[in-house]
Amino acid sequence: VQLRDLKTHKNLDGIESGDIGPTMGLIGCEEGWCRFEHVKIPLVALLARYGHVNPQGDWIPPTKLGSKRSYATMLLVRARFVAISSDFLGKAASIAVRYCAVRRQFKDNNGREKQVLDYQQVQMRTLPWVGLSYALKATGVTMMTMHREMEARVELHGDIIALAMEKEVHIVGSCLKAVCTTFAVDGIEELRRVCGGYGYSVFSGFQDLYGNAMVNFTGEGENYMIIQQASSALLKVYKSMIETGIHQVPSPNFAFIKPLAHLPKFKTGSDFMTMSLEDFVAVFEFRTVCLLAHNVEENSQWDGIQAAWAFGELLIVRSFALHVQRSDPKIIPILTVLCRLVAMYLMNMHMNDYLLYGYMQPADGIAISMGLKKLLLVVRPEAVSLVDCFGFTDRELNSALGNYDGNVYETLLEWAKLDPMNQTPVVEGFDEFYGKVLHEGRGALQKMGKDIEKIDGIIQRRANL
Ligand SMILES: Cc1cc2nc3c(=O)[nH]c(=O)nc-3n(C[C@H](O)[C@H](O)[C@H](O)COP(=O)(O)OP(=O)(O)OC[C@H]3O[C@@H](n4cnc5c(N)ncnc54)[C@H](O)[C@@H]3O)c2cc1C
């Protein structure tokens, strides 16, 4: 719709518009408001591919496939949100890992200051997010492939299979959009905090990263809203399987939904350091089915969301495991370690579920917690190389803490010198404001007979100290 006059750039008659004000991120993309009064929108401007209005003004509804197609753009945008979550998280991980490798605090037994990345608590707050950046990269590729295959089927056949594929992309995409973008923003904030005081500086680059990633949490359906599309679909599949006794799954992504008794039991005392990635995937499948089974009677909104969240984590771990197996044999060992790290980090986070449903024993919980810490030590020597592999340029990171050369403090000083306040020997406005107050104060003291020279001398001596 044409809003403004092409020559004067003023709004056309009947149209009011404006900016809605500053947002947390996306500063290059303004959000606006618009109001129309008695404005006719030309038929060519309707952008209606499947349903349309004819010149007589009648609404011609879309076909069944067409009506599904009308939200195809949303499916693509959500799939892209999944794919770019890895970039947001990977950038934050690059900044934090590089900075924590440069930053040193407190001496070790040899009298040398330790890199903060060698502290266990710093590793626990950084390295799982490195693993998750890789996991989200794999998940993004899986999601975009699913979307492309669905689009091809729709374009070529437009049949019932195309419809089923579209439904699957909708459910999986809604779930992964919520889970992956949440991991991205949670990870950015944790990685910012781990950088200490400089993480709070705008020069760290975290502010833009967080603001820009946050829009993906809220936009295209707020995460806790949109994930309910997945929770209701999953519950429907589970309920119908229980009620009919028939295991009819709409797609391979839901094939794991079986009666609990049919799922493989967990072998208590398993060695998590050598357990296969397929076995880790089975652990995530079990948790999802448990949460679904638990929610059948209660049908609680919150518990349904937890089941869908578990499904999202399952898809991420499964996708990562598949990509690891297909990788260059030379990098399979380190990727396997990363995949285990991600799986155990998430299992540790949700240990209460595994214990609550009797899937694992407390000893297994302890083994996971201990294994997780051992894995951190395996990943630590590779950490900088692992983030270098993302290949973000200094320009893309836009962070004094995360530059490839590691010259953190030189860059911080260089950037600080560019601050407008640092461009003149005396800050602009001094004479009009602070200087004026000082001048008036001196005048008042003089009137009171105080020795201004003496007071100025004290101030001067203090400044020289
Ligand atoms: C930068 C930006 C750009 C955007 N661009 C576009 C755009 O181009 N086009 C467009 O159409 N939209 C756009 N949006 C809108 C965006 O899609 C919505 O803001 C988003 O879907 C959330 O909806 P809402 O703001 O109405 O939140 P609300 O629905 O008001 O949500 C508020 C809270 O209530 C909860 N809630 C709401 N309903 C329920 C329910 N039924 N059950 C349980 N909880 C519920 C939510 O989880 C949330 O926590 C944009 C938003 C942003 C921030």
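**Exercise 1. Determine how many disulfides the structure holds, and explain the state of Cys-175 and Cys-389.**

The structure holds zero disulfides, a disulfide being a pair of cysteine sulfur atoms within 2.5 Å. The model is predicted, so that local features need pLDDT of at least 70 and side-chain atom pairs count only at pLDDT 80 or more, whereas totals for chains, interfaces and linings use all residues. Residues are numbered from 1 along each chain as its sequence is written, and side-chain values use heavy atoms, with hydrogens and water left out.

Step 1. For Cys-175, the closest cysteine sulfur is that of Cys-180, and because the two sulfurs are 8.3 Å apart they are too far for a bond.
Step 2. Cys-389 is likewise in no disulfide, the nearest cysteine sulfur, in Cys-339, being 17 Å away.
Step 3. Cys-175 is buried at a relative accessible area of 0%, while Cys-389 is exposed at 59%; buried means under 20% relative accessible area, exposed over 50%, and partly exposed in between, with a 1.4 Å probe and protein chains only.

**Exercise 2. Find which residues line the largest cavity, and sort them by character.**

Step 1. The count comes to one cavity of 30 Å³ or more, where a cavity is a set of points, on a 1 Å grid over the protein atoms alone, at which a 1.4 Å probe fits but cannot get out.
Step 2. The volume of the largest cavity is about 30 Å³, taken as the space filled by probe spheres set on the points.
Step 3. Its lining consists of Leu-263, Pro-264, Ala-282, Glu-285, Phe-286 and Tyr-359, lining residues having an atom within 4 Å of a point.
Step 4. These residues divide into five nonpolar, no polar and one charged.

**Exercise 3. Classify the ring pairs Phe-217 with Tyr-224 and Phe-256 with Phe-311.**

Step 1. The whole structure contains 16 aromatic pairs; rings of Phe, Tyr and Trp (its six-membered ring) pair if their centres lie within 6.5 Å, and planes under 30 degrees apart count as stacked, over 60 as edge-to-face and the rest as tilted.
Step 2. Phe-217 and Tyr-224 make a tilted pair, at 6.5 Å centre to centre and 45° between the planes; Phe-217 is buried at 12%, whereas Tyr-224 is partly exposed at 33%.
Step 3. Phe-256 and Phe-311 have centres 5.9 Å apart and planes at 20°, so this pair is stacked.
Step 4. Phe-256 and Phe-311 are both buried.

Technical notes:
On a 1 Å grid over the protein atoms alone, a cavity is a set of points where a 1.4 Å probe fits but cannot get out, and a pocket is an open set with protein on both sides within 12 Å along at least five of seven lines; lining residues have an atom within 4 Å of a point. Ala, Val, Leu, Ile, Met, Phe, Trp, Tyr, Cys and Pro count as nonpolar, Asp, Glu, Lys and Arg as charged, and the others, Gly among them, as polar.
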